[in-house]
Amino acid sequence: MLRRFASLFRQLHPVARLGAGVGASSLALAAIGSTLGAPLLIAPFAATAAIKHAAPDSPLAAPRSVVGGHLLGALVGVAVGAVLGEAALTLAFAATAASMLMMALGILHPPAIATTLIALQQHGNHWFPLQVAFTGAATLIFAAVLLSPVLHGRPYPVRW
């Protein structure tokens, strides 16, 4: 039954499969976020879902980049916000610092730079990195592991 379902999805246009992946991932984020009382359905995670289903072979879609990038971005955002506040220049500094650190550590994930800004704007919510960034990224990894064979006919991840 599952093979028949997967075969049906693989006959769909790649754009439809991308939409199904992003939609299912967004529903998972919304459901888990609602259960936990955490805002998991945020813009950076929708962008991550799109990367994971449009370009799963990319290093940007690797689990270490997704989880590491979002977690590092959130930590930088909280730390910079605690030290420097929320001025426009602070937001620019936080985004710059997060992107440079991600690149230096080999975990660049562009949507996670937006997670940095959201974390900074949370007014010192020190639980944001674990409650939202890590949980949301882990949810997206789990969703891709489940959805990729059905939607794309291949396992995820391609690389760690």
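**A chat about an all-new model**

Biologist: Hi! What % of the 160 residues of the protein count as buried?

Modeller: Of those 160 residues, 41% are buried, meaning under 20% relative accessible area (over 50% is exposed, in between is partly exposed; 1.4 Å probe, protein chains only). This is a predicted model, where local features need pLDDT of at least 70, side-chain atom pairs count only at pLDDT 80 or more, and totals for chains, interfaces and linings use all residues. Residues are numbered from 1 along each chain as its sequence is written, and side-chain values use heavy atoms, leaving out hydrogens and water.

Biologist: Okay, and how many helices and strands are there?

Modeller: Seven helices and zero strands, taken as DSSP runs numbered from the N terminus (helices: H or I, at least four residues; strands: E, at least two).

Biologist: Which helix has the lowest mean pLDDT?

Modeller: Helix 1 (residues 2-10), at 57, while helix 5 (residues 88-105) has the highest, 97. pLDDT is the predictor's confidence in each residue, from 0 to 100.

Biologist: Switching topic: which residues have the most contacts inside the largest nonpolar core?

Modeller: Phe45 and Val132, in a core of 13 residues. Such a core is a set of buried Ala, Val, Leu, Ile, Met, Phe, Trp, Tyr and Cys residues joined through side-chain atoms within 4.5 Å.

Biologist: Which helix gives the most to this core?

Modeller: Helix 7, with four residues.

Biologist: And what does phenylalanine 45 touch?

Modeller: Beyond its neighbours within four places in sequence, phenylalanine 45 has contacts including Leu29, His70, Val132 and Leu140; contact means heavy atoms within 4.5 Å.

Biologist: What are the spans of the C-alpha trace?

Modeller: About 55 × 35 × 20 Å along the principal axes.
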